[in-house]
Amino acid sequence: MNFNENKIKLTFRKLSEKEFEEVLNLHYVENFKEVERKSFERIRRLRASENYLCYGFFEQQKLVVFLFGYLKEKYFLVDYFAVCGKNKGHGYGTCAFKIIKERFSEKIILIEVESPSQNLEDEILVKRLNFYKKLDMKKIGLNATLSGECYEILASEKIDAHLAKDVLFEMYEEMLVGKIRKVKIKFDFVS
C-alpha cells in the first residue's frame with residue numbers, strides 16, 4: 001500500500017525476516033525502555049502467530065517507521081509503533097499512523113501510551129500523548145498498569161472502558177501466554 005502526504009510517500013508492508021530482525025535488534029531497543037519491551041524470544045513467537053502483525057513503512061526502500069500490533073476480532077492493539085533513528089520530527093510518524101488508521105478502518109484501534117502523570121517532567125511522554133490525540137485517538141477513561149508502568153488507553157473511536165478492559169485483558173493473556181501470572185496487570189477506570 002502506498003500513501004502520500006505533504007511530500008512524504010510511504011510504502012506499507014509486512015516486514016521480511018531480515019527486516020524484522022533488524023527492527024528487533026536496533027530500532028525496538030532504541031525506541032522502548034527495557035521495562036516496556038517484551039523479550040526478543042516472545043516477540044519472535046508472537047510474530048509466528050497469525051494475530052501478531054509486524055509492518056514496516058518505507059520511503060524509497062528505506063525503513064522509516066515500524067509497527068508491531070495484535071489483531072483480535074474487531075480490535076487492533078498497537079503494541080509497538082516508532083519512527084526509526086534520525087527520521088523523527090519529519091512527519092513520518094503522522095503519515096504512518098494515518099496509514100494504520102486507513103488500513104484498520106474496520107477495527108477499533110487501541111493503543112497504550114505511558115501516562116505522563118507518572119512523571120510530569122518527562123516531555124517525551126507528553127509529546128507522545130499529544131501526538132496520538134492530534135491523530136484523533138481518544139482517551140477512553142481506562143488506565144492499565146503492567147509490571148508497575150501505567151499506561152493510558154486511547155482508542156480510534158468511542159468504546160466503553162469496561163469492554164476495552166475485557167478485550168485488552170484477553171489480548172494480554174494471548175500475547176503473554178505462560179507469563180500472564182508473572183506480569184501484574186491492573187486496570188483503573190478514570191474520568
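**Exercise 1. Locate Cys-84 in the predicted model and describe its surroundings.**

Solution. Cys-84 belongs to the loop that joins β5 (75–83) to α3 (92–103). The model in which this loop is examined is a predicted one.

The next step is solvent exposure. The relative accessibility of Cys-84 is 2%, so this residue counts as buried.

The neighbours follow. With residues up to four places away in sequence set aside, Cys-84 is in contact with His-27, Glu-30, Leu-63, Val-64, Val-65 and Phe-66. A further relation concerns Leu-26: this residue lies 58 residues from Cys-84 along the chain, and the two C-alpha atoms are separated by 9.0 Å.

**Exercise 2. Determine how many disulfides the model contains, and examine Cys-54 and Cys-150.**

Solution. A disulfide is a covalent bond between the sulfur atoms of two cysteines. The criterion applied here is a pair of cysteine sulfur atoms within 2.5 Å.

Under that criterion the count is zero disulfides. Cys-54 illustrates the result: its nearest cysteine sulfur belongs to Cys-84 and is 13 Å away, and Cys-54 is in no disulfide.

Accessibility is then assessed against the threshold for burial, which is under 20% relative accessible area. Cys-54 has 5% relative accessibility and therefore counts as buried. Cys-150 has a relative accessible area of 11% and is therefore buried.

**Exercise 3. Compare the settings of Asn-143 and Gly-141.**

Solution. Begin with the secondary structure. Asn-143 is found in strand β7, which covers residues 138–146, and Gly-141 is also placed in strand β7.

Next, consider burial. Asn-143 is buried, its relative accessible area being 12%. For Gly-141 the value is 17%, and this residue is buried as well.

Then list the contacts, omitting residues up to four places away in sequence. Asn-143 touches Cys-150, Tyr-151, Glu-152, Ile-153, Lys-186, Phe-187, Asp-188 and Val-190. Gly-141 is in contact with Ala-161, Asp-188, Phe-189 and Val-190. Asp-188 and Val-190 thus appear in both lists.

Finally, relate Gly-141 to His-162. The two are 21 residues apart in sequence, and their C-alpha atoms are 9.3 Å apart in space.

**Exercise 4. Describe the aromatic pairs and the charges placed over rings.**

Solution. A pair of aromatic rings is described by the distance of the centres and the angle of the planes. With ring centres required to lie within 6.5 Å, the count is 20 aromatic pairs.

One aromatic cluster is formed by Phe-20, Tyr-28, Phe-32, Phe-40, Tyr-52, Phe-66, Phe-68 and Tyr-80. Phe-66 of this cluster is also among the contacts of Cys-84.

Two arginines complete the description. The charged end of Arg-47 sits over the ring of Phe-20, 4.4 Å from the centre. Arg-103 lies over the face of Phe-104, at 4.8 Å from the ring centre.

**Exercise 5. Characterise the overall fold and dimensions of the protein.**

Solution. The secondary structure consists of five helices and nine strands. From the N terminus on, the order is β-β-α-α-β-β-β-α-β-α-β-β-α-β.

For the dimensions, the C-alpha trace spans about 45 × 35 × 35 Å along its principal axes. A compact globule of 191 residues would have a radius of gyration near 16 Å, and the protein agrees with this at 16 Å.

Burial and contacts come last. Buried residues account for 51% of the 191 residues. Of the contacts between residues at least 6 apart in sequence, 62% join residues at least 24 apart. The accessible surface is about 10400 Å², with 49% belonging to carbon and sulfur atoms.

Conventions: Residues numbered from 1 in each chain as written. Predicted model: local features only at pLDDT ≥ 70, side-chain atom pairs only at ≥ 80, totals over all residues. Heavy atoms only, no water. Phe/Tyr/Trp six-rings, centres within 6.5 Å; stacked < 30°, edge-to-face > 60°. Lys NZ or Arg CZ within 6 Å of the ring centre and 35° of its normal. Helix = DSSP H or I, 4+ residues; strand = E, 2+ residues; numbered from the N terminus. Buried < 20%, exposed > 50% of the residue type's maximum accessible area, 1.4 Å probe, protein only. Contact = heavy atoms within 4.5 Å. Rg over C-alpha atoms; globule rule 2.2 N^0.38 Å. Areas by Shrake-Rupley, 256 points an atom, 1.4 Å probe, with all protein chains shown as cover.
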